[in-house]
Amino acid sequence: MTICNFLIPILMIVIGRVFVKNPPKTINGFYGYRTSMSRKNQATWDFAQLYCGKLWWKIGWIMLPLSVIAMLPAIGKNDDIVGGVGAVVETVECITLFLSLLPVERALKKRFDEDGKLIRKEGE
């Protein structure tokens, strides 16, 4: 169960790194941070991939040790306790993953108008 609880943080770390180092180059419906705002144009797409990548990289590294710590009290317990604790950890990880979309969308809306035109450069 503990290994299963590592999957989401490790995926966030790996995908975050990929999005920063080698993001999807073109807007597509298969791979990348895909929301209606991120797919407005190439500028919104590129910004969203980088922003999401950096965010997921950080969140993944925070969640990984927290997942280990959360599972420590379940070591040596019966399957029901391990499963219950693991389910809670997985639920919190999934919620965190989905909530991470909010700052990315907020950053997109702060930087681009609803048509995807740049309204604010980085650092402004």
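These notebook entries record what I looked up in a predicted model.

**Entry 1: the second largest pocket**

I began with the second largest pocket and its volume, which comes to about 180 Å³. I then listed the lining: Ile15, Phe19, Trp56 and Leu101 contribute to it, together with Phe30, Tyr31, Gly32, Tyr33, Arg34 and Thr35. By class, I noted seven nonpolar residues, two polar ones and one charged residue in this lining.

**Entry 2: a nonpolar surface patch**

Next I turned to the surface. I found a nonpolar patch made up of Ile62, Leu66, Val68, Ile69, Leu72 and Ile75, whose accessible area together is about 580 Å². I looked up one of its members, isoleucine 75, separately. Isoleucine 75 sits in the loop that lies between helix H2 (42-71) and helix H3 (79-99). I entered isoleucine 75 as exposed because its relative accessibility is 60%, and the cut-off for that class is over 50%.

**Entry 3: leucine 108**

I located leucine 108 in helix H4, which covers residues 101-111. Is leucine 108 buried or exposed? I recorded leucine 108 as buried, since its relative accessible area is 0%. I also checked its separation from phenylalanine 47: the two residues are 61 apart along the chain, and their C-alpha atoms are separated by 7.6 Å.

**Entry 4: the segment after H4**

I looked up two residues here, aspartate 113 and glutamate 114. Aspartate 113 has a relative accessible area of 21%, so I classed it as partly exposed; the buried class requires a value under 20%. Glutamate 114, with 59%, I entered as exposed.

I then took C-alpha distances for both residues. Between aspartate 113 and phenylalanine 30, a residue that also lines the second largest pocket, I noted 25 Å in space and 83 residues in sequence. For glutamate 114 and lysine 40, the entry reads 8.6 Å in space and 74 residues in sequence.

**Entry 5: lysine 58**

My last query concerned helix H2, where lysine 58 lies. I recorded lysine 58 as exposed on account of its relative accessible area of 54%. Which distance separates lysine 58 from methionine 12, C-alpha to C-alpha? I noted 8.6 Å for this pair, whose members are 46 residues apart in sequence.

Methods
Residues numbered from 1 in each chain as written. Predicted model: local features only at pLDDT ≥ 70, side-chain atom pairs only at ≥ 80, totals over all residues. Heavy atoms only, no water. 1 Å grid on protein atoms, 1.4 Å probe; cavity = no way out; pocket = protein on both sides within 12 Å on 5 of 7 lines; lining within 4 Å. Points joined across faces, edges and corners; volume = space filled by probe spheres on them. Nonpolar A, V, L, I, M, F, W, Y, C, P; charged D, E, K, R; others polar. Patch = residues over 30% accessible without salt bridge, like charges linked within 9 Å, V, L, I, M, F, W, Y side chains within 5 Å. Areas by Shrake-Rupley, 256 points an atom, 1.4 Å probe, with all protein chains shown as cover. Salt bridge = Lys/Arg side-chain N within 4 Å of Asp/Glu carboxyl O. Helix = DSSP H or I, 4+ residues; strand = E, 2+ residues; numbered from the N terminus. Buried < 20%, exposed > 50% of the residue type's maximum accessible area, 1.4 Å probe, protein only.
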